Amino acid sequence: MPELPEVETVRRGLQPVLEGARLVGVEARRPDLRFPFPENFSARLTGKTITALGRRAKYLTIHVEGGPVLICHLGMSGSFRIETPDGSEIPGVFHHERSKSAAHDHVVFDVVSAGGARSRVIFNDPRRFGFMLFAEGTPDTHPMLAGLGVEPTGNTLDGVLLASLLEGRRSPLKAALLDQRLIAGLGNIYVSEALWRAGLSPLRESGTIAKAGKKAAAQSERLAGAIRSVIADAIAAGGSSLRDYVQTDGSLGYFQHSFAVYDREGEPCSTPGCGGHIERIVQSGRSTFYCRTCQR
DNA sequence: AGCAAAACCTGGCGGC
DNA sequence: TGCCGCCAGGTTTTGC
């Protein structure tokens, strides 16, 4: 499920427990997820202190002292949960209720914080599309991350940059925005949401909003702004759920969102004065939700 | 080259 | 209740 905002929320949730903590035990309970675990997975991490938790697109990076960087991807169904020996709550972090199926607890990290508190961080992934790999130096040059496009966070992605990315492309906007080599971190939900906010059809040929001209420039500017805002809003929502609520399923990052179009087939479009209805179509084998009345 | 489908897995849900 | 087909928020590989 996780797209960039969910991964960022997971990162923030794990940070207070993992950063500065020492890994006293690391266990992979099966040989592989999507890919085999790295050679000496446990041995290379055990005993190390975690210096930082990072994120690039939908990848989580766990940096350890003098060691490899652990690159984690949650795939479609991966999640982390945190357990403490006494079940006490960790400030700023979800307290787990009851895990669904321990059968899919694939990786267990036992950590001791600088203050001596022990906790256990567990990676659960029923579908096993997730994976964990080592980067020996900076993760940016790892094959998995090297080709990624611009982050939709911050202000880097503006109309001019987006126009240059879309220029000459014949594919529909939906496909282009899902392409991690162009913009890194958008997934099926936030692409639908961003296109709705921008008033652009997911079927629209990408190159047509990148051509020179006033109208195209305005559209690429609007789309860039919509992408940035939808991501920023979702991260803010994750952050607030992290602060204020206990997760219903005890996992990090699966907070409740309210989407304008995603999974709202048949409902009235919420654009003021639009009067249209949300449709579900299939593009590249995946669901797209949009309003044909206000998205052109 | 570029784009669309298939493949990788399991679980949940609606329909019968 | 049970079985069956379909669907799922990601990425890589295959095929056109």
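Which oxygen of DNA strand B lies 3.5 Å from a polar side-chain atom of Arg-169? A phosphate oxygen.

A word on conventions: this is a predicted model, where local features need pLDDT of at least 70, side-chain atom pairs count only at pLDDT 80 or more, and totals for chains, interfaces and linings use all residues. Residues are numbered from 1 along each chain as written, chains are lettered from A and ligands numbered from 1 in written order, and side-chain values use heavy atoms, with hydrogens and water left out.

1. Polar contacts to the DNA (pairs of N or O atoms within 3.5 Å). Besides Arg-169, look at Arg-127, with a side-chain N or O atom 2.9 Å from a base oxygen of DNA strand B. For Arg-128, the partner is a sugar or linking oxygen at 3.4 Å.

2. The surroundings. Residues near DNA strand B (a heavy atom within 4 Å) include His-104, Phe-129, Arg-170 and Ser-284. By class, that surface has four nonpolar, four polar and four charged residues, with Arg counted as charged and Gly as polar. On the DNA side, 61% of the strand B atoms within 4 Å of the protein belong to sugar or phosphate, the rest to bases.

3. The sheet. Four strands (DSSP E runs of at least two residues) make an open antiparallel sheet in the order 2-3-4-8; pairing takes at least two DSSP bridges. Strand 2 (50-56) and strand 8 (131-135) are the edges, each with a single partner strand, so one side of each lacks a neighbour in the sheet.

4. Strands 2 and 3. Six bridges join strand 2 to strand 3 (residues 59-64), and Ala-52 has His-63 as its bridge partner there.

How values were computed. A polar contact is a pair of N or O atoms within 3.5 Å; within protein, one must be able to donate a hydrogen and the other to accept it, and residues adjacent in sequence count only if both atoms are side-chain atoms.
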